[in-house]
Amino acid sequence: MSEIDDDLGLHGEACLYRTIFETAIEAIVVIDDDGVIRACNPAAARLFGYRGDEMQGCNVRDIMAPPYRDVRSPTGGRETGVRRILGSGRAVAGVRKNGSTFTLELSITEWRQNGERLFTGILRDVTEDVRVRELQRLMVNELNHRVKNSLATVQAIALQTLRNSETPRAAALALNKRLVALAGAHDILTRESWEGAAVTDIVAAAVEAHGAGGATTCSGPSAWLAPKPAVALALILHELFTNAGKFGALAGGGQVSISWTGGTAGQDLILTWREQGGPAVTAPVEHGFGLRMMEALASDLSGEVRLDFRTDGLVCVIRTVVGAPL
């Protein structure tokens, strides 16, 4: 009676292990010393694009891409009772039935049955995990690059503002306004995931920031700028509005017209700032920081900034390149 009970117990245990093997979410394969797949669970078949028992009898080389085809020879190994763990969580490349490759995480254990050496491999598709990690790495590098650029811009603005201001109070006011303009450009870019910004949004933000809606007309086609020229344009418009409010059309009841042409990616975008109806204009003997900064920002535009101090009002022509929305 006890022998029967033992047999039933072993049978029940075998059924339990078989159920676990068949229902496991992770892919499991068992191979022999020649690399022949002796068993695999349904998850493994699905993972590699096979049906039913198609994988059984295949060689492990059929499902592994070079140089990972010999899954039984990782470096090192440690004893764990009757089993020896040869590798845990190794990144390898798998090959599906259709020939496509993908990234796998492989854990493999060596064991013996009736003197025969066998290997159990547990595999998990980590292609998406690898993609996400790579994306995160690229995003961190890009963020680091942007932070450095932003800090360099802030440093240049701060140094030049302090150097060209007559009093600490004037310096503080001018610096604050310029940093607000920079932050406004960053806000627009953040809304667009830093893929770029629409010219319409950049112009509208500048008009609103200076409360010049009633004295400004804007017109132009839909156009997109990459992040660097978008920031440059925002800073240039801030300087133009500031100058117009102090010395130009907005200081004397005049009007400002902002218009641009070019909306197709790769084309030149030509934006024209035109002041009319303000006090008579004379060209400055020396350019202040604002004007010098506008000219310096031409490199960030990959274009140019031309200033024409006409008697009836300043005209500024800004040229850059239209980008393509991602």
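This is a friendly dialogue on how to read some features of the structure above.

Colleague: Before we begin, what kind of model is this, and how are its residues numbered?

Modeller: This is a predicted model, where local features need pLDDT of at least 70, side-chain atom pairs count only at pLDDT 80 or more, and totals for chains, interfaces and linings use all residues. Residues are numbered from 1 along each chain as its sequence is written, and side-chain values use heavy atoms, with hydrogens and water left out.

Colleague: Let us start with cysteines. How many disulfides does a search of the whole structure find?

Modeller: In general, a disulfide is a covalent bond between the sulfur atoms of two cysteines. The search looks for a pair of cysteine sulfur atoms within 2.5 Å, and it finds zero disulfides here. Take C40: the nearest cysteine sulfur, that of C58, is 8.5 Å away. That is too far for a bond.

Colleague: Are C40 and C58 buried or exposed?

Modeller: Buried means under 20% relative accessible area, exposed over 50%, and partly exposed in between (1.4 Å probe, protein chains only). C40 is buried at 7% relative accessibility, and C58 is buried too, at 19%.

Colleague: Now a helix. Which residues of α5 are buried?

Modeller: Helices here are DSSP runs (H or I, at least four residues), numbered from the N terminus. Helix α5 covers residues 199–209, and V199, I202, V203, A206 and V207 are buried in it. Looking down the axis of α5, these buried residues fall within an arc of 130°, so they line one face of the helix. The arc is taken from the directions from the helix axis to the C-beta atoms.

Colleague: What does the face of α5 turned away from its buried side carry?

Modeller: That face carries the exposed residues E208 and A209. Just after α5 comes G211, with a positive phi of about 60°.

Colleague: Which charged side chains meet in salt bridges?

Modeller: Side chains of opposite charge can pair when their charged atoms come close. For a salt bridge, a side-chain nitrogen of Lys or Arg must lie within 4 Å of a carboxyl oxygen of Asp or Glu. The structure holds 18 salt bridges. One of them joins E134 and R137, at 2.5 Å from N to O. Being three residues apart in helix α3 (residues 127–164), E134 and R137 are separated by about one helical turn. Both are partly exposed, E134 at 35% and R137 at 42%. Elsewhere, salt bridges that share partners join D33, E110, R112 and R117 into one network.

Colleague: How far apart, N to O, are E110 and R112 in their salt bridge?

Modeller: The N to O distance there is 3.7 Å. E110 is buried, with a relative accessible area of 8%, whereas R112 is exposed, at 54%. Another salt bridge links D129 and R124, at 3.3 Å. D129 is partly exposed at 31%, and R124 is partly exposed at 31% as well.

Colleague: And E239, where does it lie, and which side chain does it contact?

Modeller: E239 lies in helix α6 (residues 227–246) and is buried, at 5% relative accessibility. A polar contact of 2.7 Å joins the side chains of E239 and R178. Such a contact is a pair of N or O atoms within 3.5 Å; within protein, one must be able to donate a hydrogen and the other to accept it, and residues adjacent in sequence count only if both atoms are side-chain atoms.

Methods: Helix = DSSP H or I, 4+ residues; strand = E, 2+ residues; numbered from the N terminus.
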